[in-house]
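Please load the model in a viewer and keep the selection panel open. The tour below proceeds stop by stop, naming what to select and what is found there.

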Amino acid sequence: MSRRYQGRGCAGGVCEAEAIVALEPFGFWQGIDPLSGEVINRRHPLLGKNLAGRAFVFTFGRGSTGNPGVFLEAVRNGVAPAAMINVRAEPMITLCSILAEEFYGLSIPVVDQLGDDFYATVKSGDRLRIVGTTGEVEIL
């Protein structure tokens, strides 16, 4: 039985992908290897895990304007997350998705504010369907 959640759509696109969850802040700058999609931040709980093609669930972005540049390099190499779900999306994370669509025609949905029940329920390995324009997320 699937569970549906309503949040805020921050960047358009629709995808179905496996979740990878770490309810911690994340910065793509010095956080991901843009050639492989692997998390390289030694202080992050997902160290060594791969974000490529997954729905990445995390609290919020941290870092600077370097995030979109590294993210775009991951998009160019085909190893970026398929979607991003945040507790609170901040502008640099949303900008990552907007630039991916502008430069590469790739829609990577970004959704936030799904409510405590979602963040307490979702776990790595869950199959998610994300609709970025409406903010709908379904755990399949």
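Helices are DSSP runs of type H or I with at least four residues, numbered from the N terminus. With helix 1 located in this way, select Gly78 just after that helix: Gly78 takes a positive phi of about 75°. The model on display is a predicted one.

**Stop 1: helix 1**

Step back from Gly78 and select residues 66–76, which make up helix 1. Is this helix enclosed or open? Eight of its eleven residues are buried, so helix 1 is largely enclosed by the rest of the structure. The buried positions are Gly66, Asn67, Pro68, Val70, Phe71, Leu72, Ala74 and Val75. To see what lies over them, display strand 5 (83–86) and helix 2, both of which are part of the cover.

**Stop 2: the aromatic cluster**

Keep Phe71 selected and add Phe26, Phe28, Phe56 and Phe58; these five residues form one aromatic cluster. Across the whole structure, a search finds eight aromatic pairs. For the pair Phe26 and Phe56, the ring centres are 5.0 Å apart and the planes meet at 85°; planes over 60 degrees apart count as edge-to-face, so this pair is edge-to-face. The two partners come from distant parts of the chain, 30 residues apart: Phe26 belongs to the loop between strand 3 (14–21) and strand 4 (55–58), and Phe56 to strand 4. Phe26 counts as buried, at 1% relative accessibility, and Phe56 is buried as well, at 0%.

Next, select Phe118 and Tyr119. Their ring centres lie 5.1 Å apart with the planes at 85°, so this pair is also edge-to-face. Phe118 and Tyr119 are both buried.

One further ring deserves a selection: Phe60, together with Arg88. Arg88 lies over the face of Phe60, at 4.7 Å from the ring centre.

**Stop 3: the loop between strand 3 and strand 4**

Return to the loop that carries Phe26 and select His44, found in that loop between strand 3 and strand 4. Which residues does His44 touch, leaving aside those up to four places away in sequence? The contacts are Ala22, Glu24, Pro25, Phe26 and Val39. His44 is buried, with a relative accessible area of 7%.

Gln30 is placed in the loop between strand 3 and strand 4 too, but Gln30 counts as exposed, at 59% relative accessibility. Not counting residues up to four places away in sequence, Gln30 touches Ile40 and Asn41. A distance label from Gln30 to Lys123 reads 24 Å between C-alpha atoms, the two residues being 93 apart along the chain.

**Stop 4: helix 2 and the surface**

Select residues 91–104, which form helix 2 and include Phe103. At Pro91, also in helix 2, the relative accessibility of 63% counts as exposed. Pro91 and Thr65 are 26 residues apart in sequence, and their C-alpha atoms are 9.5 Å apart in space.

Move on to Phe103, which counts as exposed at 55% relative accessibility. Add Tyr104 and Leu106: with Phe103 they form a nonpolar patch on the surface, with about 320 Å² of accessible area together.

**Stop 5: salt bridges**

How many salt bridges does the structure hold? There are six, and three of them are worth displaying in turn.

Begin with Glu138 and Arg4, whose closest N and O atoms are 3.7 Å apart. This pair links distant parts of the chain, with Glu138 in strand 8 (residues 136–139) and Arg4 in strand 1 (residues 3–6), 134 residues apart. Glu138 is buried, with a relative accessible area of 12%, whereas Arg4 counts as exposed at 64%.

Then select Asp112 and Arg8, a salt bridge with its closest N and O atoms 2.7 Å apart. Asp112 lies in strand 6 (residues 110–112) and Arg8 in strand 2 (residues 8–11), so the bridge links distant parts of the chain, 104 residues apart. Asp112 counts as buried at 0% relative accessibility; Arg8 is partly exposed, with a relative accessible area of 38%.

Finish at Lys123 and Asp126, where a salt bridge brings the closest N and O atoms to 3.1 Å. Lys123 is partly exposed, at 48%, and Asp126 counts as buried, at 10%.

Terms used: Residues numbered from 1 in each chain as written. Predicted model: local features only at pLDDT ≥ 70, side-chain atom pairs only at ≥ 80, totals over all residues. Heavy atoms only, no water. Phe/Tyr/Trp six-rings, centres within 6.5 Å; stacked < 30°, edge-to-face > 60°. Helix = DSSP H or I, 4+ residues; strand = E, 2+ residues; numbered from the N terminus. Buried < 20%, exposed > 50% of the residue type's maximum accessible area, 1.4 Å probe, protein only. Lys NZ or Arg CZ within 6 Å of the ring centre and 35° of its normal. Patch = residues over 30% accessible without salt bridge, like charges linked within 9 Å, V, L, I, M, F, W, Y side chains within 5 Å. Areas by Shrake-Rupley, 256 points an atom, 1.4 Å probe, with all protein chains shown as cover. Salt bridge = Lys/Arg side-chain N within 4 Å of Asp/Glu carboxyl O. Contact = heavy atoms within 4.5 Å.
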